[in-house]
Structure formats: structure tokens, C-alpha cells
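Work through the exercises below with the sequence and the model open. Each task is followed by a solution in steps.

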Amino acid sequence: MRAGSAAAVFAVAAVCVCGDRASAHRRDELLQAARVAVERNRVELELDLTPGIAVADAVIADIDRDRDGSLSADERDGYAARVMRAIDLSLDGGALDVRLLSAAFPEADAFRRGEGTIRLRSAVVLPRVADGDHRLAFRNGYRRDVSAYLANALAPQSDRIGIVAQRRDAEQRELTIEYVARGGAQPSLWLLGGIAGIVLAFAALRTIPKEDER
Amino acid sequence: MRSRARVWSIVVFGAFVAAATVLAQRSAAPPPASSRAQADATSRIAASAQAVLAALDEAGRAKVQFPFEGSQKTRWSNLPTPIFQRTGLRVGDLTAAQRDAVMKLLAAALSRDGYRKVVDIMRGDEVLRAAQGAGRASAPNAGAGGRGPSTGSGQRGPTFGEGEYYLAFLGTPSASAAWMLQFGGHHLAINLTLAGGDATMTPSLPAAQPATYSFEGRTVRPLGNENDKAFALVNALDAAQRGQAILAYRVSDLVLGPGQDGRTIQPEGIRASALAAPQQTMLLDLVREWAGIVTDAFAEPRMAEIKANLRDTYFAWSGPTTNGSAAYFRVQAPTLVIEYAPQNSVDHIHTIYRDPTNDYGAKFARR
């Protein structure tokens, strides 16, 4: 028996020995936490997948396709791509092509200890978005059989985006963000003050008579 | 000559406009709220921390001290050892006198209720250790936690008990310079950043399992007030208010738990401005269960800040509204996030307490 398998057997056995009262956190679910950042011309998606120790082996098997006990770069890339294929994102009914930016995987043993989180970061550049109301729809169809979901919009970083409502299904597999896109942000007082100072200084310099005009 | 004077007067006027704008921006920010009571509290806490250091040998001091800036700052979790491996001074490794010094430090840093809460959480983990049954039995003062059976590869199972909590100082305990007191273990993370008269105890994670247990003939509920006050508030809402407060979906865990530093989610639920005055009072009383863990000298200005932002505070609920049920709730404001998340059971609760503008004292560093 491989060492990894032995550890996995122990992990499950420990859960059985300890019973529910001794459980550290959710054991039998894959927690998928999605956070969506909406910007004027871009959407960023963070997806964290944390398997409980009772489902860790199933997730490892999803990644470790050649069953050699290690999670190779190709296997990790392949897994991330499969997860992303199960994600749908659309803006006002039009599908968006979400591009994976990065994927961070813990070691397989971390899954077996119940602390491993896979962190997928992706983004999509939006088509030209008109001012006004929009609906960004997110749907996560990955491993619906064993998953618990969280899905939230991050607070916008700019006042050019105003989130009006978030609508979800009961399990948070689906999240629709209703938002308003607005024009350019109000320039800050710092900027206005700086510009005013520069303009006045420039105007002053122009009033200096040139030597040959004197 | 006159034209040159005119030029300079315009240049000076331009510079004045720019400077006045900058000053106006600065004056819009509230002044630092320091008081004698807060400075005295920091001095007391620093002195108690120095007493801990004095009670340790060199090896102990090496274990407890960390740089103020570094990876230790964010190294905290709800998970037990060794699923999450903590560093610092392990309570179970201390002598009785050293442990007494640590508990005196906690008493100085926390309010009476806060200290009681921390002790109850630790005691609950001792109950968990006893329930686990597979651990090596030992009194906490003897320096052991309950450990699960080891695997063939040496991997150990979850470790519970009052001995499995860790203390760390980030920076040098001081009455004036910035430093941090970190204390935590399974279901507990206290992160108290002090900088002279300023202090913040965010992010912190008080949690409980079991959420109800017996100790010396009395029933202990480490987070019982949090639970009961929240159920009282949601049941004080009328139908229309509930329609705004109650989310139509299941929230199975903390959204902004460990590892989620620096993120702010879009608030949901009912805005406190839509609550009647008695309901607002109930909400503030609920918030005090977290904001009041720290010693009173710092809890009071924190509550004043939260009260000042009350109009922009949201209360959201997910789950049944009958007390005794497992229900999630969140309180969110510009400088506050509180989440309370039962883990599929009323007997296993995780909570988080944050200030998105000042976690780890970020605001103090900018001053």
C-alpha cells in the first residue's frame, strides 16, 4: 500500500474514531467558494475548492489521472481546465469566455489532512459595456454530487460600478449580479487641486515677457 | 518688474490652492482617538507581556517572539493541530507559573466577558479531547493535549485540549511602539495589534465545539449570548423587515474566514437604518459580543465607531428563525464584518470578526 493511501485510510479512520463531535470542520463536502469582482471592462473570478477529508481521495483521483500518487503539472492544469469548463459566466445573456490566470494546488497530503485548498484565478475582458443596468450570471456545475457552495460579489473598487442586487439559487451554485455601470469616476479633490495649481502656474509663466519683448 | 511680481503672486496663489486642497483632504479624516485610558491599557498589557517573557527561559522566549512584519501575522486558523501547524509558545509546554503569567496577560488584554469566552472555548476543546477518547490522558497543566492515534508514516490525528493553544508576540511588547499579541488554537484566534493608545482585535475568530457542555455542574455555552441575541433580533423583525434580512439561500460556511484577508464582499440583508430604535439597540448589543472581547478601554471607542456607522450597517440571516436551529448570520458595515456559521450542527460554530479597514492595525501603520 502506498504511503499516501495509508494516510488517506487513516484520515477516514480518524474521522470514524472521533465521531461528529471531534470533527474539525466539514468532512464530507467539497466546499467551493466563488468570489466575483465586477469592474467596468473586466470581471475577475476567484474560486477556492477545499475538499473535506472524507472526499479528499475522490478529488485527488480527479487530479491524479495516472494514479502514480503525485500531482504533476499537466494533471493540475488538466484538472483546472475541467473545473473551468464546468463554470458558466454570461453578461446580459451573452456567454463570456473566462480565461484561467493561475492555479495553485497544495500537496496531496494537505488534502488528506483536510486543509488543502485549490485556488483558481480567472478573468474575462468584457465587451464594450454601455452605461446602465446589466446582469452578470455565474453558474458552477462542478461536482454537484459532493459540493457545498458559496458565491459572492466583491464590493466594487470603483464608483463606476454599483451593485444593485445578488440573486442565487438555494445552494449558491448560481449567482446573478445585477449592477449599474456608470461613466467616469468623479476626479478626486487631490487631482482637481493639483490641476488647478499647474494651470495657474502655467498661466503665470506665459505672462512673463520674453527678453526681446522688454 | 511689476509683471514679475504679478507672476510670482499667481504662482504662489496656485501653490496655495493645491496645498489647501491637500489639507482639506487630510482634515476630512477623523483624528486618531487616543485617550489616557487606552494608553494605560496598552501599558498594562505590555507589562503583562513583559512578565510572561520574564517567566520564560531563553528557549521559551525564542519560541514566543516573532518579527512584527512577517508570515506569522496571518498564521492563524480554526483548525486543530496538526491539521494546521501553529508556531509560538505552546500552553501545554509551560510550567504552572508560566501558564499563570499567560492567563494574566489574557486577563489584561481582554474584557471580563472576553476572558470568560476564551476560557470557555479552551475548556470546550478539553471536553472534545475527553470525548475523543483516543488521546493520552493528562492534566492540561502537565503540558499535554489529547492526541489522536499516529499513522504508520508518523502523521498524527487532530489534537485537542487546553494545552494546544499557542502564544506569540510579534514585535516587542511596548507601551508606545506597534506590536501584536497572538493567541489561538483549535476554534480560537485572537489577534490584538497595539500601537500606543490604539488597538484593534481584528481579525479574530472565536468558535466553539461543543457549543454546549457541562463544567463543574453548570452548563457552559461559549457563544451562547451571540446565538441568543441574534435569534432575539431576527424574531423582533416584522414580516417586511424579515423579507429584507433573510437570505433565500443556504450559507454553509464563513465567507471571510481564515485566509480571506483584504477582501470585502458586497453587503446584503436589511440596512440598520430600516430598523426601529429598539432593534438597532439589539443589533449593537449583538455586535458587542465580538467588539467587547477586547478590554473595555478599547471596546468602547470601537463600539462608538460602529455606532457612528450604524446607518450603513447590514444584518443578514440564512436559515430557520427558531432558537435552537442552525442558522447563519452576518453583520457588515464599513469597518465591521461579523459572521456566525454553524457547521451543519448547532453544536459546532465558527465565527469571524473583522475590520476591513484596520485588520492587523493597517490603519495605525498608515498614520
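**Exercise 1. A strand and its two partners**

Task: In this predicted model, find which residue of S2(A) stands opposite A:Arg35, and establish how S2(A) pairs with S1(A) and with S6(A).

Solution.
- Step 1. The residue opposite A:Arg35 is A:Glu46 of S2(A).
- Step 2. Strand S1 (residues 30-38) of chain A pairs with S2(A) through nine bridges, in the antiparallel sense. Three residues lie between S1(A) and S2(A), and the two strands form a hairpin.
- Step 3. S2(A) also pairs with strand S6 (residues 118-125) of chain A, again antiparallel, over eight bridges. Here A:Leu49 faces A:Ile118 of S6(A), and A:Leu45 has A:Ser122 as its bridge partner in S6(A).

**Exercise 2. The sheet around that strand**

Task: Give the strand order of the sheet in chain A, and state which strands stand at its edges.

Solution.
- Step 1. The sheet is open, has five strands and runs in the order S5-S6-S2-S1-S8 (chain A), with mixed pairing.
- Step 2. The edge positions are held by strand S5 (99-104) and S8 of chain A; each has a single partner strand, so one side of each lacks a neighbour in the sheet.
- Step 3. From one strand to the next the twist averages 15°.
- Step 4. H3(A) packs on this sheet and touches S2, S5 and S6 of chain A, its direction making about 55° with that of S6(A).
- Step 5. What is the burial of S2(A) (residues 42-51)? Eight of its ten residues are buried, so the strand is largely enclosed by the rest of the structure.

**Exercise 3. Two helix pairs**

Task: Describe the packing of H2(A) with H3(A), then that of H6(B) with H8(B). Two packed helices are described by the angle between their axes and the distance between the axes.

Solution.
- Step 1. Helix H2 (residues 56-63) and helix H3 (residues 73-85) of chain A pack at about 105°, and their axes are 8 Å apart. An angle from 65 to 115 degrees counts as roughly perpendicular, and H2(A) and H3(A) are therefore roughly perpendicular to each other.
- Step 2. On the H2(A) side the contact involves A:Val59, A:Asp62 and A:Ile63; on the H3(A) side, A:Glu75, A:Arg76, A:Tyr79 and A:Arg82. By class, the residues of this contact are three nonpolar, no polar and four charged.
- Step 3. Helix H6 (residues 224-236) and helix H8 (residues 277-291) of chain B pack at about 160°, with axes 9 Å apart. That makes H6(B) roughly antiparallel to H8(B). The crossing of these two helices is left-handed.
- Step 4. Residues of H6(B) in the contact include B:Leu233 and B:Ala236, and those of H8(B) include B:Met282 and B:Trp290. The contact of H6(B) with H8(B) has eight nonpolar, two polar and four charged residues.

**Exercise 4. Backbone details in loops**

Task: Which residues does a cis peptide bond join at B:Pro82 and at B:Pro210, and what is phi at A:Arg143 and at B:His187?

Solution.
- Step 1. The bond from B:Thr81 to B:Pro82 is cis, with omega near -5°. B:Pro82 lies in the loop between strand S1 (65-66) and strand S2 (89-90) of chain B.
- Step 2. B:Gln209 and B:Pro210 are joined by a cis peptide bond with omega about 0°. The loop holding B:Pro210 runs between strand S9 (205-206) and strand S10 (213-215) of chain B.
- Step 3. A:Arg143, not a glycine, has a positive phi near 45°. A:Arg143 is in the loop between strand S7 (132-140) and strand S8 (147-153) of chain A.
- Step 4. B:His187 is not a glycine either, and its phi is positive at about 65°. This residue is in the loop between strand S6 (178-185) and strand S7 (188-195) of chain B. Its relative accessible area is 2%, so B:His187 is buried.

**Exercise 5. A loop residue with contacts in both chains**

Task: Is B:Gln266 buried or exposed, and which residues does B:Gln266 touch?

Solution.
- Step 1. B:Gln266 sits in the loop between helix H7 (239-245) and strand S12 (270-271) of chain B.
- Step 2. Buried means under 20% relative accessible area. B:Gln266 has 14% relative accessibility, so it counts as buried.
- Step 3. Leaving out residues up to four places away in sequence, B:Gln266 touches A:Ala153, A:Leu154, A:Ala155, A:Pro156, A:Ile163, A:Gln166 and B:Gln332.

Methods. Residues numbered from 1 in each chain as written. Chains lettered and ligands numbered in written order. Predicted model: local features only at pLDDT ≥ 70, side-chain atom pairs only at ≥ 80, totals over all residues. Heavy atoms only, no water. Buried < 20%, exposed > 50% of the residue type's maximum accessible area, 1.4 Å probe, protein only. Helix = DSSP H or I, 4+ residues; strand = E, 2+ residues; numbered from the N terminus. Pairing = 2+ DSSP bridges. Axes fitted to C-alpha atoms, helices over the stretch in contact; angles between N-to-C directions. Parallel < 35°, antiparallel > 145°, perpendicular 65-115°, else oblique. Contact = heavy atoms within 4.5 Å. Nonpolar A, V, L, I, M, F, W, Y, C, P; charged D, E, K, R; others polar. Left-handed = near helix turned anticlockwise from the far one by under 90°.
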